[in-house]
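Got the viewer open and a hand free for the selection box? Let's walk through this one stop at a time.

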Amino acid sequence: MTRRFLFVLGSARRDGNSALLARRAAEQLPPDVEQRWIDLTAHRLPEFEDLRHDSDHVRPTGGTTALLLDATLAATDLVIVSPLYWYSVSAPTKRYLDHWAGWLRTPGLGFKATMAGRTLWGVTALAHEEPEVADPLVGTLNNSAAYMGMRFGGVLLGNGSKPGDVLRDTRALARAKTFFAQDAPLARFPYEAG
């Protein structure tokens with residue numbers, strides 16, 4: 001299967017540090033790897049409505065929700081590009097992940113079965129020097145991948161607050177050169193590790 005990367009940009013800032021770092025990592029992908037970039041600020045999802053005890057979800061046929069669903073289903077590799085906001089993913093990114101709950105319950109879609117075995121990656125910029133403060137964000141992505149039966153390639157962390165700061169983070173830029181080349185193991189919940 002040809003690899004198809006979907007980069008989901010969740011920053012409130014256009015071309016923010018997380019996106020800059022993701023683009024540096026994406027530059028290393030082979031030319032035959034398809035890349036699609038969707039900015040959640042340009043393609044705003046509606047608030048997620050939990051219908052699981054009321055009625056079935058219906059497959060969206062148009063608009064932003066359908067665009068993101070179709071792009072997600074088509075991707076072999078899904079890259080969540082979100083800055084660290086209050087120690088987790090941004091609100092637009094969380095809303096996107098919330099919509100997964102509806103897609104899981106859409107009759108005939110087979111969302112979980114389709115996503116199983118595919119790879120989830122993360123790219124984030126944070127203002128802290130200590131990478132441990134991003135553990136909640138990493139946990140959100142890892143646990144989401146584990147629930148879906150996906151592989152998890154980890155999170156490429158970069159340091160930056162002001163626009164362009166991450167381009168001075170030499171360790172992050174060096175790691176970006178090989179980030180997508182690594183083998184991504186099947187995601188496991190923390191209680192399964194060991």
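Which strands and which helix do the buried residues of α1 pack against? Before you click, keep in mind that this is a predicted model. Now select α1, residues 17-26. Its buried residues pack against the strands β1, β2, β3, β4 and β5, and against helix α6 (170-176). The helix is mostly covered, with seven of its 10 residues buried. To color them, pick N17, S18, A19, L21, A22, A25 and A26.

**Next stop: β1**

Select residues 4-9 to bring up β1. Five of the six residues in this strand are buried, so β1 is largely enclosed by the rest of the structure. Now follow the chain: from β1 it passes through α1 to β2, making a right-handed β-α-β crossover.

Add β2, residues 34-39, to the selection. β1 and β2 run parallel, and six bridges join them. Then add β3, residues 77-81. This strand also pairs with β1 in the parallel sense, over five bridges.

A handy residue to click here is F7. Its bridge partner in β2 is W37, while in β3 the bridge partner of F7 is V79.

**Over to α2**

Select residues 63-74 for α2. If you put a distance between the first and last C-alpha of this 12-residue helix, you should get 17 Å, close to the 16 Å expected at 1.5 Å a residue. Which residues of α2 are buried? They are T65, A66, L68, L69, A71, T72 and L73. Show their neighbors and you'll find them packing against β1, β2 and β3, as well as α3 (91-104) and α4 (111-115).

**Into the cores**

Time to show side chains. The largest nonpolar core has 34 residues, and the ones with the most contacts inside it are L78, Y96, W100, F111 and L141. At least two residues of this core come from each of β1, α2, β3, α3, α4, β4 (119-126), α5 (135-148) and β5 (151-159). The biggest giver is α5, with five residues.

Zoom in on L141. Leaving aside residues up to four places away in sequence, L141 touches I80, V89, L97, L120, W121, G122, F152 and V155.

There is also a second, separate core of 22 residues; to find it, select F5, V79, A176 and A184, which are among its members.

**Last stop: N142**

Move along to N142, which sits in helix α5. Is N142 buried or exposed? The cut-off for buried is under 20% relative accessible area. N142 has 15% relative accessibility, so this residue counts as buried.

What does N142 touch, not counting residues up to four places away in sequence? Select F152, A187, R188, F189 and P190 to see those contacts. For the polar side of things, look for the backbone oxygen of R188, which lies 2.9 Å from a polar atom of the N142 side chain. The side chains of N142 and N143 are also joined, by a polar contact of 3.2 Å.

One final distance to draw: run it from the C-alpha of N142 to the C-alpha of E130. The two residues are 12 apart along the chain, and those atoms are separated by 19 Å.

How values were computed: Residues are numbered from 1 along each chain as its sequence is written. This is a predicted model: local features need pLDDT of at least 70, side-chain atom pairs count only at pLDDT 80 or more; totals for chains, interfaces and linings use all residues. Side-chain values use heavy atoms; hydrogens and water are left out. Buried means under 20% relative accessible area, exposed over 50%, partly exposed in between (1.4 Å probe, protein chains only). Helices (H or I, at least four residues) and strands (E, at least two) are DSSP runs, numbered from the N terminus. Two strands pair if DSSP finds at least two bridges between them. A crossover is right-handed if, with the strands pointing away from the viewer, the path from the first strand over the helix to the second runs clockwise. The expected span of a helix is 1.5 Å times one less than its number of residues. Contact means heavy atoms within 4.5 Å. A nonpolar core is a set of buried Ala, Val, Leu, Ile, Met, Phe, Trp, Tyr and Cys residues joined through side-chain atoms within 4.5 Å. A polar contact is a pair of N or O atoms within 3.5 Å; within protein, one must be able to donate a hydrogen and the other to accept it, and residues adjacent in sequence count only if both atoms are side-chain atoms.
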